[in-house]
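Please find below some notes on this entry, set out as numbered points. They begin with a single side chain and then widen to the chain as a whole.

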Amino acid sequence: MARLVALIVASLLLAGCATTGDTNPRDPWEGFNRKSYALNDAVDRTVLKPVAQGYVKVVPGFAREGVTNFFGNLNDVGTGLNNVLQGKPKEGASDLGRFVVNTVFGVFGLWDIATPLGLEKHDEDFGQTLGVWGVPSGPYLVIPFMGPSSARDAPAKAVDPSWSYSNIDSSWKYWTIWTLEKINLRAGLLKAESTLDAAALDRYTFIRDAWVQRRRSMVYDGNPPRVKEED
């Protein structure tokens with residue numbers, strides 16, 4: 001469902017959504033994006049954040065860490081495949097090795113056994129792979145109910161497999177795991193949010209600029225070129 005929303009929004013904007021005159025060149029759809037951001041922010045403040053705060057209060061830290069490790073372990077599969085596609089077989093083997101080790105010896109990933117063994121964890125997705133292949137990021141895009149993305153990354157979300165849900169044949173189990181993942185992810189952002197509130201006069205602009213800079217850095221594995229370019 002979330003991927004379908006991303007594809008629909010990206011397709012509509014790419015098909016010819018009106019642009020505004022005086023805007024950041026990376027953000028020609030700022031009018032739409034600000035409305036989408038306001039919607040997401042309202043949902044977050046009224047639903048996601050309170051639930052995440054309750055989750056932190058009720059669930060012990062070691063249990064939350066186990067949940068984080070579990071979903072991180074599943075994501076290692078997609079990360080490994082994308083590393084291979086990016087021409088980094090060593091890193092890909094490390095990520096896939098992490099999945100095997102943590103699944104077998106870490107009780108389906110609840111414990112991170114692989115890191116102490118020297119298997120480094122990476123963070124790759126198909127949007128980054130497209131960037132490595134030379135596809136420009138395109139305009140910044142805020143997807144309703146999903147958050148920051150770009151014209152390149154939004155459609156790429158449909159390619160990245162949801163290893164968390166791929167073999168679930170029950171709708172209630174699917175949505176239970178999906179909900180847990182989102183709540184756990186939001187809980188992990190609670191501390192960082194205080195820094196954002198203190199630093200940002202315009203939260204939208206702060207988040208946009210930070211997201212664009214971070215994605216560019218991720219495409220170049222932390223070493224982006226100095227020249228200004230679309231990546």
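1. Phenylalanine 108 deserves attention in this predicted model, because its relative accessible area of 57% lies over the 50% cut-off and the residue therefore counts as exposed. Phenylalanine 108 sits in the loop that runs between α4 (89-105) and α5 (126-132).

2. The surroundings of this side chain should be read together with it, since Phe108 belongs to a nonpolar surface patch of about 930 Å². The other contributors to that patch are Val100, Val104, Phe105, Val107, Leu110, Trp111, Ile113 and Leu117.

3. Helix α2, which spans residues 30-58, is not straight, and bends by about 50° at aspartate 44. Asp44 is itself among the buried residues of α2, a set that also holds Glu30, Asn33, Ser36, Tyr37, Asn40, Asp41, Ala52 and Tyr55. As a reminder for reading such a list, an α-helix has 3.6 residues a turn, so residues three or four places apart point the same way.

4. As to the overall architecture, the protein has 9 helices and 2 strands, and from the N terminus on its elements follow the order α-α-α-α-α-β-β-α-α-α-α.

5. Turning to totals, 38% of the 231 residues of the protein count as buried, while the area that the protein exposes comes to about 13,300 Å², with carbon and sulfur atoms supplying 65% of it. Among contacts with a separation of 6 or more, 64% are accounted for by residues 24 or more positions apart.

Key:
Residues are numbered from 1 along each chain as its sequence is written. This is a predicted model: local features need pLDDT of at least 70, side-chain atom pairs count only at pLDDT 80 or more; totals for chains, interfaces and linings use all residues. Side-chain values use heavy atoms; hydrogens and water are left out. The bend at a residue is the angle between axes fitted to the seven residues ending there and the seven starting there. Helices (H or I, at least four residues) and strands (E, at least two) are DSSP runs, numbered from the N terminus. Buried means under 20% relative accessible area, exposed over 50%, partly exposed in between (1.4 Å probe, protein chains only). Patches are made of residues with over 30% relative accessible area and no salt bridge: like charges are joined within 9 Å, nonpolar side chains (Val, Leu, Ile, Met, Phe, Trp, Tyr) within 5 Å. Accessible areas come from the Shrake-Rupley method with a 1.4 Å probe; for residues, only the protein chains shown count as cover. A salt bridge is a side-chain nitrogen of Lys or Arg within 4 Å of a carboxyl oxygen of Asp or Glu. Contact means heavy atoms within 4.5 Å.
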